Each structure stands twice: as structure tokens, then as C-alpha cells.
Amino acid sequence: MPKRLHPKSLENTIMHYCPGCSHGIAHRVIAEVIDELGIEGKIVGIASVGCSYNNYLYFKFDMQQAAHGRAPAVATGVKRVHPENVVFTYQGDGDLAAIGTAEIIHAAARGEKITTIFINNAIYGMTSGQMAPTTLIGQVTTTSPLGRDTSLQGFPLKMSEILSQIDGAVFVERVSMHDVKHILSAKRAIKKAFKVQMAGLGFSIVEVLSTCPTNWRLSPVDSAKWVEDNMMEYYKLGNYKGAELEV
Amino acid sequence: MPKKVLIKGNEAIGEAIIRAGCRHYFGYPITPQNELTNYMSKYMPEAGGVFIQAESEIAAINMVYGAAGAGARAITSSSSPGISLKQEGISYIAGAEVPAVVVNVMRCGPGLGGIMPGQSDYFQAVKGGGHGDYRNIVLAPNNGQELYELTVKAFDLADKYRVLVMVMADGALGQMMENVEFKDKETPYKIDKPWATTGSGMKRKKNYITSVYINPDELEAVNIRLQAKYKEIEKEEVLFEETDCEGADIIICAYGLAARITRNVMKLAAEESIKVGLLRPITLWPFPKDAVGSLADKTDVIMSVELSAGQMVEDVRLAVNGKKPVHFYGRTGGNLPTQKEILNEIKRVLEKEVK
Ligand SMILES: Cc1ncc(C[n+]2csc(CCOP(=O)(O)OP(=O)(O)O)c2C)c(N)n1
Ligand code: SF4
């Protein structure tokens with residue numbers, strides 16, 4: 001029987017995420033990258049507020065749980081005490097692009113040597129599917145029941161584009177995790193983001209287009225398709241900054 | 001012999017931070033504590049430490065949470081409106097049991113209020129401020145030397161109990177120039193914090209720091225542990241100063257700047273043969289309940305004097321528990337009560353209460 005390869009940096013436990021949710025995949029990819037870089041002993045993760053609030057139970061390395069939106073500030077504190085460590089935040093779109101906008105912008109502006117994994121599922125997952133700052137135009141959520149109407153609810157924020165304007169942010173890439181091909185390139189981006197931090201170059205972020213089948217009210221398969229058909233239309237995949245960096 | 005240095009209160013706090021071995025300061029400008037942030041920006045890097053001017057008080061307290069969680073001594077300072085913004089972080093720090101220090105150089109409120117000295121953040125500091133059942137140790141210095149010494153002590157208490165310690169000064173103490181003796185040697189602080197998020201180094205199991213427990217039994221167990229710790233602090237760490245209370249006609253309870261003004265009132269009153277005692281809480285939490293309660297055996301009238309509309313007086317009343325009348329005198333808006341005003345109030349109260 002082939003041995004199941006379980007990343008060392010991931011606990012061998014059942015996660016609470018819904019079927020078809022990207023969080024679990026993102027966790028595995030991050031753990032694999034940490035294993036491959038051999039940094040299990042010096043990685044510190046910052047959990048945020050959202051469905052992944054307790055992912056310190058799933059990752060097998062030091063972590064600190066942060067208040068809603070504040071993970072980049074907490075990561076700043078952790079990193080400044082131990083600059084030799086590799087520090088990352090794991091944040092949803094409500095966390096990063098609404099309540100925590102100031103913290104992410106200024107961590108980037110300071111060129112804080114941390115990495116952010118930004119899970120953009122265009123909705124507030126944990127609180128039952130409210131409109132997020134990244135909710136697409138026309139998208140139905142529990143607080144935009146008629147679909148997001150730009151005349152009332154404004155426009156979705158393109159965080160990768162915004163952050164790439166900031167000089168302190170040296171590596172910015174948007175990826176997706178809706179199929180194997182995209183997961184593999186997402187992994188390459190996450191690895192590079194960590195390497196950029198390890199080289200001391202500045203702030204790095206990978207925005208991950210993600211699924212929330214439960215609150216999108218779609219099957220896992222249809223959710224993957226929804227990412228491809230709708231999210232990737234508005235949120236263009238690709239590197240926004242730092243593709244040329246040799247790390 | 002360390003010699004005395006003439007220094008502003010805010011800068012004395014700054015020197016205490018460095019001499020306590022703290023190397024991580026996170027701030028955001030606000031009057032009347034700017035000298036402290038400025039001092040840190042110069043001397044923290046000189047001491048090999050980290051100074052960050054954060055994007056907000058919210059970010060600053062969360063940087064403290066991160067740095068202290070990672071095992072360092074860490075501090076932020078602000079003044080009243082900024083301290084309001086820090087309350088979320090303070091609650092998280094209490095829940096996660098991370099040792100940290102916060103300085104509040106109080107101004108007056110509510111709202112943007114004014115930049116003149118006040119003591120109207122007493123409720124916020126000692127009754128919670130943030131959400132949940134938690135306590136901060138709250139230290140109330142009343143001169144430059146105490147600003148220095150209690151700031152150093154704040155770090156020791158924070159580490160001893162893994163709690164947040166707040167140093168409550170006010171705009172006047174912060175701005176005042178006084179002679180201060182720096183007693184402690186300047187040595188970066190090292191203490192074993194096996195729970196900290198230092199990176200495992202592959203030598204131990206993972207550490208994680210959190211304040212979230214979805215399971216009610218788990219969260220209740222955390223609360224029970226916190227309350228037991230707070231009981232222990234109430235037993236061990238009460239600090240106060242009692243002056244001329246035995247057989248006094250009236251005893252004033254006052255802390256910080258209000259206590260300083262009261263000391264002058266005591267002299268003024270003595271000239272008119274009125275014996276005024278002073279009970280000065282140094283720890284606002286734990287409140288010196290027993291000492292204040294026993295004032296009822298030493299005098300017939302008790303009065304709380306504050307730069308507020310009457311906040312600490314509630315704790316004084318609780319401690320005295322109806323055994324003797326408890327009065328209040330205070331000024332707000334940044335106005336300081338004059339010695340004469342307080343003396344007049346003392347006379348009025350004595351007239352009323354003592355037949
Ligand atoms: C200060 C504060 N406000 C609101 C909440 C409630 N809350 C919990 S999770 C969440 C939204 C999370 O959404 P997102 O960041 O997109 O993560 P997801 O759940 O989709 O993974 C909110 C608003 C909170 N915990 N704290
Ligand atoms: S609610 Fe959405 S984001 Fe949360 S675990 Fe379920 S699918 Fe994932």
C-alpha cells in the first residue's frame with residue numbers, strides 16, 4: 001500500500017472545515033512549503049478571526065491567535081522580537097480587507113518582513129455568509145440579499161492591486177486553489193513569498209481565491225467552477241510584484 | 001551612588017522602561033504623553049531595542065501582544081482616547097495571559113475631551129474597559145520617583161502573574177520636572193518563558209497562545225483559573241500609603257495628583273486645627289479594601305478627592321460599607337481643585353456630619 005504522505009508541519013487530525021472549502025487545502029499547502037523549506041523550528045504563524053480562527057490546532061508549529069484584523073500587527077511584534085524567525089499571518093477577506101485594512105496596509109508600508117496568506121472567498125464564512133469587502137458585484141449574500149448593488153454597497157476591493165502599489169510590499173501574487181493545476185502554482189507562490197521574507201527583502205503576500213460552498217450555497221464542484229467563471233474574471237490571477245526576485 | 005536627575009515625568013517613565021530591560025516599545029502620538037514616545041524613539045534604538053510608531057493605538061497594543069507573546073518585555077503608552085482604542089487588545093492580552101505593560105498619561109474626557117490632566121479613566125482601568133471577566137493590575141504613581149519605580153515594578157508584576165499592568169499617570173505628573181534617582185542597572189532582561197511563541201527550534205512541542213475557547217467547559221476552566229490568580233494578586237500585591245489617619249477629623253482618599261494636592265491641604269487645615277488624614281491607594285487594582293474599610297475605625301468622615309466626577313469614591317463606599325459617611329469632591333474638564341476649595345469642602349462636610 002502506498003504510504004500516505006502527511007506534512008510534518010500539519011497535525012494528523014480532522015479539520016472542522018466544510019466539504020469543498022479551500023481552507024483545508026491552503027493549510028496543507030502551507031505545511032508542505034514549510035516542510036520543504038525546513039523551517040518548522042523557526043516558523044511562527046498568526047491565526048486570525050474567521051473560519052480558520054483555531055488553525056493553531058492544525059498546524060504543528062508555534063502560533064498566536066489575533067483579534068479580528070490585527071494579525072499583521074501581532075506578527076510585527078513577534079517578528080521584531082525574533083527577526084531570525086519566519087512569521088506569517090493567515091487571514092480571511094473580512095479580516096484583512098475590512099476590519100484589518102489599516103494593519104495590512106501599514107505592515108506592508110513598513111516593509112515588515114512577514115508573509116501574509118490571504119484567503120479571499122468573497123464572503124464572511126464564519127458569521128454565516130454576509131457581504132465581504134471582496135464580495136463580487138451582483139453576488140447574493142445574507143446582507144446583500146438582492147445581490148451587491150454598487151450604488152448602495154460600493155465596489156469589491158482588489159487587495160493585491162492595492163498592496164502592490166506600496167513600496168514596502170516586495171512580493172504580491174494572486175493565486176487560486178480550485179483545481180490541481182492552480183494549487184501547484186499557488187504552492188510555488190507561497191514558497192517564494194516565504195523565501196522573500198527569509199532573504200529579508202520586505203513584506204510578501206499571496207492572495208488565494210478560495211471557495212466557501214456552504215455560504216455560496218453551491219456544491220463543492222460548482223464552487224470550483226464559480227471561482228473560475230466569476231472570481232477569476234474580477235480578480236485576475238498572476239504576479240503583481242516581485243516575479244523577478246531571485247530567492 | 002546613583003545621582004538624581006532633573007527630568008520630566010514622561011521621560012522618567014521612558015528611562016524606567018529601558019532600565020527594566022524592556023526593548024520593545026510601540027506607540028502612537030497623543031498629548032500629554034508625547035515626551036515618552038519621543039524619548040523612546042531616541043533611546044530605545046540606542047539601547048539596541050525596537051521602537052515602532054504604529055498606525056494606531058489598536059495596532060500598537062497588538063504589537064505588544066505579539067512581542068510579549070514571543071517572550072519579550074513589551075510596552076505601549078498613550079492617553080485616554082488612545083487607551084479606549086486599546087481595550088480590545090487589553091482584553092485579548094488578559095485572556096491569553098500574556099505579560100504586558102500599558103501606560104496611561106490621563107487627560108480628561110469624555111470624547112476627545114481635553115489635553116489637561118484628569119483622573120476620569122479610573123472606571124475604565126479598574127473595572128474592565130474591555131469585555132470579559134478580567135483584571136489588570138493598576139499602579140498610580142504620585143511623583144517622578146514613583147513614575148520611575150512603579151514602571152519598573154509593572155514589568156516585574158506582569159511577568160510574575162502573566163497579566164497586564166497599567167501605570168496610571170496624568171498630564172500634570174507627565175509634564176512635571178522633578179528629581180528622580182534611577183536605581184536599577186541597565187541590563188536587557190532575560191527570563192525563561194517556556195510558553196512563548198519563540199519558534200520551537202525543533203526542541204519542544206509547539207506553543208500556541210490564544211484566548212478563544214468554543215467549548216463552554218474549557219472557557220469556564222480558564223475563567224476559574226484567572227479568578228484564582230486575581231484572588232492571589234488581591235492578597236499579595238496591595239499597595240497604599242497612610243498619613244496621619246489615626247484620630248483624624250476627616251480622612252481623604254486620593255491617588256496620584258489629587259493626593260499631592262491633598263497633602264498641601266493637610267498643612268493648611270492644620271493651621272485651622274482641623275486634622276486631615278490621607279489614605280493614598282498606590283494600587284488602584286487591587287484596591288486597598290481592608291485599609292480603606294478600617295478608616296471607619298479611625299475617623300468619623302471620609303472623603304474621596306479626585307480629578308473626576310466621582311469614580312474611585314464608589315470603591316471607597318464599598319470598602320467603608322456604610323459604617324461612616326463617605327463624601328466626594330472633584331473637578332473635571334482639566335481643572336484642578338485648589339487647596340482652598342478642598343479645605344472649604346472639608347469644613348462644609350464636617351459641619352454637616354459632626355454635630
Ligand atoms: C471585533 C469583531 N467583530 C466581529 C467579529 C465576528 N466575526 C467573526 S468571523 C467574522 C468574519 C470572518 O470572515 P473572513 O475574514 O472573510 O473569514 P472566513 O470566515 O470567510 O474564513 C466576523 C465578522 C469578531 N469576532 N470580532
Ligand atoms: S463556512 Fe465557508 S469558509 Fe467556513 S469552513 Fe465552511 S466553506 Fe469554509
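This report walks through a cavity, a buried glutamate and several salt bridges in a predicted model.

## The cavity in chain B

Let us begin with the empty space inside the protein. The structure holds one cavity of 30 Å³ or more, and the volume of the largest cavity is about 30 Å³. Its lining is made up of B:Ala72, B:Arg73, B:Ala74, B:Pro99, B:Ala100, B:Val101, B:Phe155, B:Ala158 and B:Asp159. Two elements of chain B, β5 (100–108) and α7 (144–161), give two or more residues each to this lining.

Helix α7(B) gives the most, with three residues. As for chemical character, seven lining residues are nonpolar, two are charged and none is polar.

## B:Glu55 and its surroundings

Next comes a loop residue with partners in both chains. B:Glu55 sits in chain B, in the loop between β3 (50–53) and α3 (57–69). Its relative accessibility is 14%, so B:Glu55 counts as buried, the cut-off being under 20%.

Which residues are in contact with B:Glu55, once its neighbours within four places in sequence are left aside? From chain A they are A:Ala102, A:Glu103, A:His106 and A:Arg110, and from chain B they are B:Tyr28 and B:Met63. With A:Arg110 there is also a polar contact, made between the two side chains at 3.0 Å.

## Salt bridges within chain A

Over all chains, the structure holds 37 salt bridges. Side chains of opposite charge can pair when their charged atoms come close. One such pair is A:Lys187 with A:Glu36, whose side chains meet in a salt bridge at 2.6 Å, N to O. A:Lys187 belongs to helix α7 (residues 180–198) of chain A and A:Glu36 to helix α1 (residues 22–37) of chain A, so this salt bridge ties together parts that are 151 residues apart in sequence.

The two partners can be described by their accessibility as well. A:Lys187 counts as buried because its relative accessibility is 15%, whereas A:Glu36, with a relative accessible area of 44%, is partly exposed.

## A salt bridge between the chains

Here the pairing crosses from one chain to the other. The side chains of A:Asp62 and B:Arg204 meet in a salt bridge at 2.7 Å, N to O. A:Asp62 lies in strand β2 (residues 62–65) of chain A, while B:Arg204 is found in the loop between β9 (177–181) and β10 (208–209) of chain B, so the pair joins two chains.

Is A:Asp62 buried or exposed? A:Asp62 has a relative accessible area of 0% and is therefore buried. B:Arg204, for its part, is partly exposed, with a relative accessible area of 28%.

## A pair in chain B, and a network in chain A

In chain B, B:Arg263 forms a salt bridge with B:Glu241, and their closest N and O atoms are 3.2 Å apart. B:Arg263 is in helix α10 (residues 256–271) of chain B and B:Glu241 in strand β11 (residues 240–243) of chain B, so the pair ties together parts that are 22 residues apart in sequence. B:Arg263 is partly exposed, at a relative accessible area of 27%, and B:Glu241 is partly exposed too, at 29%.

Finally, back to chain A and to partners that are shared. Salt bridges with partners in common join A:Arg28, A:Glu32, A:Glu36, A:Lys187 and A:Lys191 into one network. A:Lys187 and A:Glu36, the pair that meets at 2.6 Å, are among the members of that network.

Note on methods
Residues numbered from 1 in each chain as written. Chains lettered and ligands numbered in written order. Predicted model: local features only at pLDDT ≥ 70, side-chain atom pairs only at ≥ 80, totals over all residues. Heavy atoms only, no water. 1 Å grid on protein atoms, 1.4 Å probe; cavity = no way out; pocket = protein on both sides within 12 Å on 5 of 7 lines; lining within 4 Å. Points joined across faces, edges and corners; volume = space filled by probe spheres on them. Helix = DSSP H or I, 4+ residues; strand = E, 2+ residues; numbered from the N terminus. Nonpolar A, V, L, I, M, F, W, Y, C, P; charged D, E, K, R; others polar. Buried < 20%, exposed > 50% of the residue type's maximum accessible area, 1.4 Å probe, protein only. Polar contact = N/O pair within 3.5 Å; in protein donor to acceptor, adjacent residues only side chain to side chain. Contact = heavy atoms within 4.5 Å. Salt bridge = Lys/Arg side-chain N within 4 Å of Asp/Glu carboxyl O.
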